[in-house]
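Welcome! Take a moment to look over the sequence and the model below, and then we can walk through the fold together, starting from its interior.

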Amino acid sequence: MNHDEGPVESTDALERLGVFAARDDWTATGWCRIERSLDLIGTRSAMLIVRELFYGGTRFDELARRTGLSEAVVAGRLKQLHADGIVDRRPYQEPGKRTRDEYLLTDRGRALFPIIVALVQWGELLGDDHRTGVELVHRGCEAPLSAHVRCAKGHDVPLGEAAARLKDEDYAAAARRQPRDPD
C-alpha cells in the first residue's frame, strides 16, 4: 500500500457524513446509542436472562437455574431490567405459598428480538459444533431465521454502503460548545 496516495476507502467501516466526518472533532461518549444500549443490556448476565425470557422462562428460580447465574446476580439484573423498562413484574401465587413475581418482556424488551436473532446467527460463524445448540426458525415453514440490515425504504444495506451521521447537527454542535460542568 502506498501511503502517499491518501486515505483508502474501506468497506470495513461506516462512512462518516456531515460534521461527523471530522472524526477527531467528535466523541461519542455520553450520546452514542450503542453506549446507551449497552448500559441497559450490555452484560452477559442481562443477555442470558433476556434469552431465557424469550425462551419462555418467567419465574425467578427458573431464570437462575437456566442461566447458571447466582440468585444474587439474577435478582440484581432483574431489578435493573425492570427499572429500565425491559421486563415487567406480575404477581402470582401458588396454593399455600406466598405471592411472588414472574417476569415478562415489555414492548421495549421484545424489541430486542432482532438482536437475539443476530447474535444466534453470528454465533454460527464461530466454528464450533453446529449440530448442537438452539436454532431459531420460522414456525410457518421451519426455515432458520436471519437478521438483515435494511434502510427505511426497504433496501438491504451491506456495511460498505452504510454511513454514520449526527441526527441533528445543529443541536449537537450547540451542545458541544456548552461548557462542561466540572464535578
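## The core and the helix that feeds it

The largest nonpolar core has 22 residues, and those that touch the most other members are Ile41, Ile49, Leu53, Val74, Leu81, Ile86 and Val87. Two or more residues of this core come from each of helix H1 (33–41), helix H2 (44–54), helix H3 (60–67), helix H4 (71–83), strand S3 (100–105) and helix H6 (113–123). Helix H2 gives the most, with six residues. Apart from this core lies another one of five residues, including Phe20, Ala164, Leu166 and Ala172. As general background, nonpolar side chains in soluble globular proteins tend to be buried together.

Please keep in mind that this is a predicted model. Its secondary structure comes to seven helices and four strands. Read from the N terminus, the elements follow the order β-α-α-α-α-β-β-α-α-β-α. The protein has 183 residues, of which 21% count as buried. Among contacts between residues at least 6 apart in sequence, 49% join residues at least 24 apart.

## A closer look at H2

How many of the 11 residues of H2 are buried? Eight are, so H2 is largely enclosed by the rest of the structure. The buried residues are Ser45, Ala46, Met47, Leu48, Ile49, Val50, Glu52 and Leu53. Their cover includes H1, H3, H4, strand S2 (87–92), S3 and H6. Just after H2, glycine 56 takes a positive phi of about 105°.

Isoleucine 49 is a good residue to click on. Leaving aside neighbours within four places in sequence, isoleucine 49 is in contact with Leu63, Thr67, Leu69, Val74, Arg77, Leu78 and Leu81.

Glutamate 52 also lies in helix H2. Is this glutamate 52 buried or exposed? Glutamate 52 counts as buried because its relative accessible area is 7%, under the 20% cut-off. Again leaving aside neighbours within four places in sequence, glutamate 52 is in contact with Gly57, Leu63, Arg66 and Thr67.

## How H2 meets H3

Two packed helices are described by the angle between their axes and the distance between the axes. For H2 and H3, the angle is about 115° and the axes are 10 Å apart. Their crossing is right-handed. On the H2 side, the contact is made by Leu48, Ile49, Arg51, Glu52 and Leu53, while H3 brings Leu63, Arg66 and Thr67. Sorted by class, this contact has four nonpolar, one polar and three charged residues.

## One aromatic pair

The count of aromatic pairs comes to one. Phenylalanine 54 and phenylalanine 113 form this pair, which is tilted, with 5.8 Å centre to centre and 40° between the planes. The pair links distant parts of the chain, since phenylalanine 54 is in helix H2 and phenylalanine 113 is in helix H6, 59 residues apart. Here is how three side chains from this tour fare for exposure.

| Residue | Relative accessible area | Class |
|---|---|---|
| Glutamate 52 | 7% | buried |
| Phenylalanine 54 | 25% | partly exposed |
| Phenylalanine 113 | 38% | partly exposed |

Looking back over the tour, H2 gives the most residues to the largest nonpolar core, packs against H3 at an angle of about 115°, and holds phenylalanine 54 of the aromatic pair.

Terms used:
Residues are numbered from 1 along each chain as its sequence is written. This is a predicted model: local features need pLDDT of at least 70, side-chain atom pairs count only at pLDDT 80 or more; totals for chains, interfaces and linings use all residues. Side-chain values use heavy atoms; hydrogens and water are left out. A nonpolar core is a set of buried Ala, Val, Leu, Ile, Met, Phe, Trp, Tyr and Cys residues joined through side-chain atoms within 4.5 Å. Buried means under 20% relative accessible area, exposed over 50%, partly exposed in between (1.4 Å probe, protein chains only). Contact means heavy atoms within 4.5 Å. Axes are lines fitted to C-alpha atoms, for helices over the stretch in contact, and angles run from 0 to 180 degrees between N-to-C directions. A crossing is left-handed if the near helix is turned anticlockwise from the far one by less than a right angle, and right-handed if clockwise. Ala, Val, Leu, Ile, Met, Phe, Trp, Tyr, Cys and Pro count as nonpolar, Asp, Glu, Lys and Arg as charged, and the others, Gly among them, as polar. Rings of Phe, Tyr and Trp (its six-membered ring) pair if their centres lie within 6.5 Å; planes under 30 degrees apart count as stacked, over 60 as edge-to-face and the rest as tilted.
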